Amino acid sequence: MRYLIASQHSTAGCAHLGGGSGSGNSVGGHPTPFSISLLHLLSDSLPSRHASPCPAVSCRVIMQGTLTLMKTTLRNNTADPAANTDGAALVALIFGGVASSGGGGSGGAMYIETAVQRVVLVNRSSLAQNRAAAHGGALAVGGGPLGSLELYDSSTLEYNTAQYGSGAAVYCGGDLGQMLMYGGSGAYGNTAKGSNSFGGVLYATGNVTRIQMYNGSSISGNSAVRSGGALYGASSMGEILLYGASSINGNSVGTGSGGAIHVAQSLGSLRLTDGSSIDNNAAATSGERGSREHGGTCGGVGSWVGRWY
C-alpha cells in the first residue's frame, strides 16, 4: 500500500500542499498547481466527525493540478454538515482525520475548493458508497471549473448518495471540460435523494464541453428525484458520444424530466455508434422516448431520455 503526495511539506503534524500554508479554513493558502497520486489504497469508513491533527485547517483542498487514483478505493465516507465537514476521505488521508472547521457537507469522499485540471481514476479504482448531505456524494468541485474527469480500466463511481443536494456521484460548481469513460468503466446505482435534487451521476452548473464513453463503458441504475437521472447540465452540453457498445440504460427520475439526460439550455450533438445504446430510462413528466422540449438543441430547455436508435 502506498500513498504519494507531490509537493508535500509538513510542520506540526500538518501537510501543506502547493507551497502554501493552512489558513482561512483551507489547505494551501496560495493555489499553486500540484498533483496528488493515490496508489494501491483502500479507504473504508473513514470517520467524518474526528478532529484533524491540524484543527485550524478544514477538509477543503485548494489545488490546480491533477488528482489521480490508481488501484484505489474510497468507500463509505461521509460529508456531514452536523460535523461541519466536506470531503471526508481525501482530507482524512492527508491529515489522518477530518477537521471540524470545514462546512457545508459536500463531497462525500473528496472536496476540491477551486479549479482542478484533471481527476483521474485508473486500474479499477472506485469511489463507492460515499454520502454527502449536500452536493456530490463522492466528489464535489466547489467554486471553479473541472478540466477533465476520466475513468479508465473498469474504474467506477457506484452507490454514492447526495442526500439533499445534487450530483449523486459528482458535483461540478463551474464548467466541465470533459467526462471520459474507457475500458468498461462506469457509474452505477448512484442516487440524488432530495426533493429538489438533480443529476443521478453528474450535476454541472456551467457548460459541459463533451461526455465520451468508449469500449463497453456504462452508466446504469442511477436516479434523481427531479431531473437528469444520469446526467444534468444546468447550462449547455457540446457533445455526448457513446462508442463501442457503451450505454446509458436503466436510469430514472421521480418527479421531473430526462430519465437519462437533462440539458437546461442546448445540446450540440448526441452520437451513438458501434452498438451503443440509450435505453430503458424513465421520467415522470417528459423525455420518455428521446423527445426534445422547448427547443432542445436549439437553445431552449432540452429533456432527454429513453430509446435512441
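Is Asn-215 buried, partly exposed or exposed? Asn-215 is partly exposed, with a relative accessible area of 47%. Buried means under 20% relative accessible area, exposed over 50%, and partly exposed in between, with a 1.4 Å probe and protein chains only.

**Basis.** This is a predicted model, in which local features need pLDDT of at least 70, side-chain atom pairs count only at pLDDT 80 or more, and totals for chains, interfaces and linings use all residues. Residues are numbered from 1 along each chain as its sequence is written, and side-chain values use heavy atoms, with hydrogens and water left out.

**Confidence.** pLDDT is the predictor's confidence in each residue, from 0 to 100. Its mean for the protein is 74, and 64% of residues reach 70 or more. Residues 45-62 have pLDDT below 50; beyond near neighbours in sequence, this stretch makes 82 contacts in the model. Contact means heavy atoms within 4.5 Å. Over residues 91-103 pLDDT also stays under 50, and the model has 62 contacts beyond four places in sequence for them. Where pLDDT is low, the predicted coordinates should not be read in detail.

**Two asparagines with positive phi.** Neither Asn-123 nor Asn-215 is a glycine, yet each has a positive phi. Strands (E) are DSSP runs of at least two residues, numbered from the N terminus.

| Residue | Phi | Loop between | Relative accessible area |
|---|---|---|---|
| Asn-123 | about 60° | E10 (116-122) and E11 (126-128) | 31%, partly exposed |
| Asn-215 | about 55° | E22 (208-213) and E23 (218-220) | 47%, partly exposed |

**Cores.** A nonpolar core is a set of buried Ala, Val, Leu, Ile, Met, Phe, Trp, Tyr and Cys residues joined through side-chain atoms within 4.5 Å. The largest one has 42 residues. Val-119, Ile-219, Leu-231 and Ile-248 touch the most other members. Apart from that core lies another, of 7 residues, including Tyr-111, Ala-140, Phe-198 and Tyr-203. Leaving aside neighbours within four places in sequence, Val-119 contacts Leu-67, Ile-112, Leu-139, Leu-146, Ser-148, Leu-149 and Glu-150.

**Sheet.** Strands of a sheet pair through backbone hydrogen bonds, either parallel or antiparallel. Here 6 strands form an open, parallel sheet in the order E8-E12-E16-E20-E24-E28. Two strands pair if DSSP finds at least two bridges between them. The edges are E8 (78-79) and E28 (252-253), each pairing on one side only. E8 pairs with E12 (residues 131-132) in the parallel sense over 2 bridges. Ala-79 stands opposite Ala-132 in E12.

Methods:
Helix = DSSP H or I, 4+ residues; strand = E, 2+ residues; numbered from the N terminus.
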